[in-house]
Structures are given as C-alpha cells and as structure tokens.
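Here is a short tour of one protein chain, written for someone who likes to check each detail in the viewer. Please keep the structure open as you read.

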Amino acid sequence: MSCVNKSPEGGLPFFLILSGAFLILLGSGCGAPSSASRISGQHTDLASSRTSVRTSSTVPVLLYNGTGTSSNDVKAVESVLSTLRLPYSTADASQIEGMSESELAAHRLLIVPGGNSIAIGDNLSHDATTKIHDAVVNDGLHYLGICAGAFFGGYSIYNGLNLTDGVWFNFYADEFKGIHKAAVTLSFANDTTREMYWQDGPQLSGWGEIIAKYPDGVPAMVEGKSGKGWVILSGVHAEAPATWRTGMKFKTPVATDQAYAGTLITAALAGSSLPHF
C-alpha cells in the first residue's frame with residue numbers, strides 16, 4: 001500500500017476502504033516513480049559530501065534511507081544536498097536503532113524522503129520512533145518530511161513520529177480520482193506559482209503554517225514548531241529530477257523546482273520560517 005495513513009481511531013476512512021484494494025496493488029510508492037529507475041547525472045559528486053553516520057557529531061544533516069524509502073528519492077535529495085555543499089550522513093533502520101537520542105540530536109536536521117510510509121514505520125521499532133520524536137521535541141532536532149516522510153512525520157497508527165500533536169494526514173484529492181502522479185500547480189504565499197511533481201502524496205490540513213497550497217486550496221507544504229524542533233512537511237517532490245517528468249508537461253523548469261528543494265532544506269536546517277499564508 002502506498003503512503004496510506006489510517007484515522008486516529010484506527011479505522012480507515014470510507015473512501016480509503018473503497019480504494020484500498022486497488023492501492024495495495026501499486027508497485028511504486030510516493031517518491032518512487034516507475035519511470036525513474038535511475039536518476040542519471042544528478043548525483044555525480046555525492047561521495048565528497050556524504051559521510052558515515054558514525055561521524056554524526058560533525059555532520060549537520062542525517063538522511064534516512066532505510067526500508068520503505070525510495071532509493072530514487074534518496075538519490076534526488078542527495079543531489080540537492082550536494083548542490084548546496086551540505087555535509088550529510090545516511091542512516092538505515094539498523095543504524096537508527098543503534099543510535100541514542102543524543103546521537104540523533106547531534107545532527108541539526110533529519111530528512112525522511114518519499115517511499116512508503118507504512119513500510120517506513122513498520123520497519124522501525126517503537127523505541128526508535130520514540131527516540132526520533134524525543135530528539136525533535138526535547139532536544140531541538142529539526143525534521144523535513146517529503147511525501148511519505150510527511151505522512152510518517154504526522155500521527156499514524158503505523159508507528160508514525162507524531163510531530164503534529166495527534167494530527168494525521170490523508171491523500172491529496174487526486175488520489176481518489178484515480179490519479180497517482182501529476183504535475184500540480186502550487187500557490188505560494190508571495191503570490192507566485194510553481195508546478196511540482198506529485199505522486200500519491202498527502203494534503204497537510206490541520207497542522208502548522210501553510211507554505212504552499214494545492215489547486216483546490218488545501219495545504220501542500222506546511223511548517224511549524226514541534227517542541228524545541230522545527231518541522232517542514234511537503235506533499236510534493238520539489239527535488240524531482242527531469243527523468244520523473246516523463247509523459248507530463250511542466251511549465252516550471254526542473255532547475256527552478258530543485259532550487260526550491262534547496263530552500264526547503266536550508267530553512268529546515270536553520271529552523272527558519274518560510275513565507276506562509
């Protein structure tokens with residue numbers, strides 16, 4: 001199943017029950033387009049900025065690449081980090097399990113990319129997600145969740161982080177029209193619009209300040225405090241490379257969207273607010 005969250009009471013919303021049988025057949029989760037088996041030319045110098053998780057005390061960004069995340073989206077985020085020249089570490093589930101809360105908090109920012117939010121939660125222990133939650137809320141670790149990472153950052157019975165005080169997120173409305181990837185036009189608070197790549201991502205109603213809205217007016221990107229930490233959640237993939245756009249028409253150039261992905265990362269890293277509605 002792709003990026004599905006249940007309600008706080010534990011029951012699926014009626015429209016998810018109707019669509020669940022179809023959604024479970026989806027082979028590509030949020031952030032893992034079937035047309036993007038490789039992201040060529042996007043991450044040629046990553047080795048110079050990526051380090052071992054063991055040196056976390058000197059590395060500002062921790063990028064999660066454990067089970068449930070899309071390897072293609074991990075690479076896309078790495079490409080943006082490389083462009084920004086930001087040192088970062090990657091960590092899989094076993095490495096996260098082995099880290100203490102203080103070791104997590106030694107980083108300034110945790111990024112969880114797209115993939116399958118249920119698989120992400122199910123492949124981490126409750127102790128691990130509690131450590132991440134506490135590192136954000138109690139110690140000031142910042143968090144950037146993209147698509148599945150946004151679902152995972154909210155409340156979820158699938159071992160989500162609940163950085164949103166009990167608020168859970170549903171799919172953006174296109175999901176229930178049978179659309180699973182699209183170029184969506186986002187409206188931003190400074191009266192600009194950008195088309196960005198969406199795939200089975202959430203709408204983010206009910207928590208935080210709204211950075212960007214989907215065409216129907218519901219939040220596509222939000223930001224806010226979670227205890228001592230700063231959290232930015234995105235239902236779309238600003239970092240998506242050109243290969244993900246196959247068969248779709250975008251008015252906004254890839255470079256423009258990827259530059260905004262850099263803006264999201266730097267704002268999350270600094271704990272700074274972006275223009276919002």
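## A hairpin to begin with

Let's start at the hairpin of strand 7 and strand 8, where 4 residues sit between the strands and Asp191 takes a positive phi near 65°. Please keep in mind that this is a predicted model. Strand 7 covers residues 182-188, and its pairing with strand 8 is antiparallel, with 6 bridges. One pair to look up is Ala182 and its bridge partner in strand 8, Trp198.

Strand 8 itself runs over residues 193-198, and 5 of its 6 residues are buried, so the rest of the structure largely encloses it.

## The chain as a whole

Stepping back, the chain has 8 helices and 12 strands. It counts 277 residues, of which 57% are buried. How do the contacts spread along the sequence? Taking contacts between residues at least 6 apart, 74% join residues at least 24 apart.

## The cavity

How many cavities of 30 Å³ or more does the structure hold? There is 1, and its volume is about 60 Å³. The lining consists of Val77, Val80, Leu144, Ile146, Ser234, Glu239, Ala261, Leu264 and Ile265. By residue class, that makes 7 nonpolar, 1 polar and 1 charged.

Three elements each supply at least two residues of this lining: helix 2 (71-84), strand 5 (142-146) and helix 8 (254-270). Which of them gives the most? Helix 8 does, with 3 residues.

## Helix 8

Helix 8 deserves a closer look. With 17 residues at 1.5 Å a residue, helix 8 should span 24 Å, and its end C-alpha atoms are indeed 24 Å apart, so expectation and model agree. (The expected span uses one less than the number of residues.)

The buried residues of helix 8 are Val254, Asp257, Gln258, Tyr260, Ala261, Gly262, Leu264, Ile265, Ala267, Ala268 and Leu269. When you look at the spacing in that list, it helps to recall that an α-helix has 3.6 residues a turn, so residues three or four places apart point the same way. Among the buried residues of helix 8 are Ala261, Leu264 and Ile265, which also appear in the cavity lining. Just after the helix comes Gly271, with a positive phi near 70°.

## Leu274, after the helix

Leu274 lies in the segment that follows helix 8. Is Leu274 buried or exposed? Its relative accessibility is 9%, so Leu274 counts as buried.

Beyond its neighbours within four places in sequence, Leu274 is in contact with Ile211, Glu223, Ile232, Tyr260, Thr263, Leu264 and Ala267. Ile211 is 63 residues away from Leu274 in sequence, yet the C-alpha atoms of the two are 6.8 Å apart. Leu264, one of the contacts of Leu274, is also a cavity-lining residue.

## Two positive phi values in one loop

The loop between helix 7 (148-153) and strand 6 (170-171) contains Asn159, and Asp165 lies in the loop between helix 7 and strand 6 too. Asn159 has a positive phi of about 65° although it is not a glycine. For Asp165, also not a glycine, the positive phi is about 55°.

What about their accessibility? Asn159 counts as buried, because its relative accessibility is 15% and the cut-off is under 20%. Asp165, in contrast, is exposed, with a relative accessible area of 71%.

Notes: Residues are numbered from 1 along each chain as its sequence is written. This is a predicted model: local features need pLDDT of at least 70, side-chain atom pairs count only at pLDDT 80 or more; totals for chains, interfaces and linings use all residues. Side-chain values use heavy atoms; hydrogens and water are left out. On a 1 Å grid over the protein atoms alone, a cavity is a set of points where a 1.4 Å probe fits but cannot get out, and a pocket is an open set with protein on both sides within 12 Å along at least five of seven lines; lining residues have an atom within 4 Å of a point. Grid points are joined across faces, edges and corners, and a volume is the space filled by probe spheres set on the points. Ala, Val, Leu, Ile, Met, Phe, Trp, Tyr, Cys and Pro count as nonpolar, Asp, Glu, Lys and Arg as charged, and the others, Gly among them, as polar. Buried means under 20% relative accessible area, exposed over 50%, partly exposed in between (1.4 Å probe, protein chains only). Two strands pair if DSSP finds at least two bridges between them. Contact means heavy atoms within 4.5 Å.
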